[in-house]
Amino acid sequence: MKFYDPTGETFGIPTYPRRLAPEGLATRRQLRARGLRPNGQDVVAQILWHGRRDPLTRVRPIRAAYLYRIDLAAPVRPMTPGRMRAVAAMMRARRTCPDCHVTYDFVIPTSLGCCPGCADDPAALAA
């Protein structure tokens, strides 16, 4: 097996192929699904696999997922009213166009830097 290195000699930390990680280890997403967080612990192992082949370069990138110990994980911190207000303010800023200052129901595309209306007609803002 190409990515099987439980001692960490080849990759520096214990490495496993997909679906062969030992019990007691989980990725961040798996921890979150259990209502847990890593709690500041260091990565103890990793899972490596080949990603999809890039159609232009024909190269298969190596993807990684880092594993944490479940027994050292802590419960997710509860959402406080202050954190709720902060998240709402951040999302409102992402929905507000910096050019026309209109707040939309969708997040402004970062590729445009402004709302689609301002991006389509920049001359309307100059007038």
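In what order do the elements of the protein chain run from the N terminus on? The answer is β-β-α-β-β-β-β-α-α-α. In total, the protein chain has 4 helices and 6 strands. I should say at the outset that this is a predicted model.

Let me begin with the overall dimensions. For 127 residues, a compact globule would have a radius of gyration near 14 Å, whereas the protein chain has 22 Å. Taken along the principal axes, the box filled by the C-alpha atoms is roughly 65 × 45 × 20 Å. Of the 127 residues, 23% count as buried. The accessible surface of the protein chain is about 9500 Å², and carbon and sulfur atoms supply 54% of that area.

Two further global values may be of interest to this group. Among contacts in the protein chain with a separation of 6 or more, 47% are made by residues 24 or more positions apart. As for charge, the chain has 20 positive and 10 negative charges, and the mean positions of the two sets lie 6 Å apart.

I turn now to the sheet. Which strands form it, and in what order? It is an open sheet of 4 strands, ordered β1-β4-β5-β2, and its pairing is mixed. Why is one side of β1 and of β2 left without a neighbour in the sheet? Both strands stand at the edges and each has a single partner strand, so one side of each remains without a neighbour there.

Let us cross the sheet in that order. Strand β1, residues 15–16, runs parallel to strand β4, residues 45–50, and 2 bridges join them. Within this pair, Tyr-16 has Ile-47 of β4 as its bridge partner. The next pair is β4 with strand β5, residues 62–69, which is antiparallel and extends over 6 bridges. Here Ile-47 appears again, standing opposite Ala-65 in β5. Ile-47 therefore takes part on two sides, with Tyr-16 as one bridge partner and Ala-65 opposite it in β5. Also in this pair, Trp-49 has Arg-63 of β5 as its bridge partner.

The remaining pair is β2 with β5, which run antiparallel and are joined by 2 bridges. Leu-25 stands opposite Arg-69 in β5, and Ala-26 has Tyr-68 of β5 as its bridge partner.

Next, the backbone. In general, most residues other than glycine have a negative phi. Which residue in the loop between β3 and β4 deserves attention here? Asn-39 occupies that loop, with β3 spanning residues 36–37. Asn-39 is not a glycine, yet its phi is positive, at about 65°. Its relative accessible area is 42%, so Asn-39 is partly exposed.

A second case is Arg-58, found in the loop between β4 and β5. Arg-58 is likewise not a glycine and has a positive phi of about 60°. Is Arg-58 buried or exposed? With a relative accessible area of 56%, Arg-58 is exposed, because the cut-off for that class is over 50%.

Finally, I consider the part of the chain that holds α2 and α3. Ala-89 has its place in helix α2. Its relative accessibility is 34%, so Ala-89 counts as partly exposed. From Ala-89 to Val-102 there are 13 residues in sequence and 15 Å in space, C-alpha to C-alpha.

Where is Asp-105 found? Asp-105 is in the loop between α2, residues 81–95, and α3, residues 116–120. With a relative accessible area of 81%, Asp-105 is exposed. How far is Asp-105 from Glu-23? The two are 82 residues apart in sequence, and their C-alpha atoms are 43 Å apart in space.

To close, I return to two points. The predicted model has a radius of gyration of 22 Å, against near 14 Å for a compact globule of 127 residues. Its open sheet places β4 and β5 between β1 and β2 in the order β1-β4-β5-β2.

Methods:
Residues numbered from 1 in each chain as written. Predicted model: local features only at pLDDT ≥ 70, side-chain atom pairs only at ≥ 80, totals over all residues. Heavy atoms only, no water. Rg over C-alpha atoms; globule rule 2.2 N^0.38 Å. Buried < 20%, exposed > 50% of the residue type's maximum accessible area, 1.4 Å probe, protein only. Contact = heavy atoms within 4.5 Å. Areas by Shrake-Rupley, 256 points an atom, 1.4 Å probe, with all protein chains shown as cover. Lys, Arg positive; Asp, Glu negative; His and termini not counted. Charge placed at Lys NZ, Arg CZ, Asp CG, Glu CD. Pairing = 2+ DSSP bridges.
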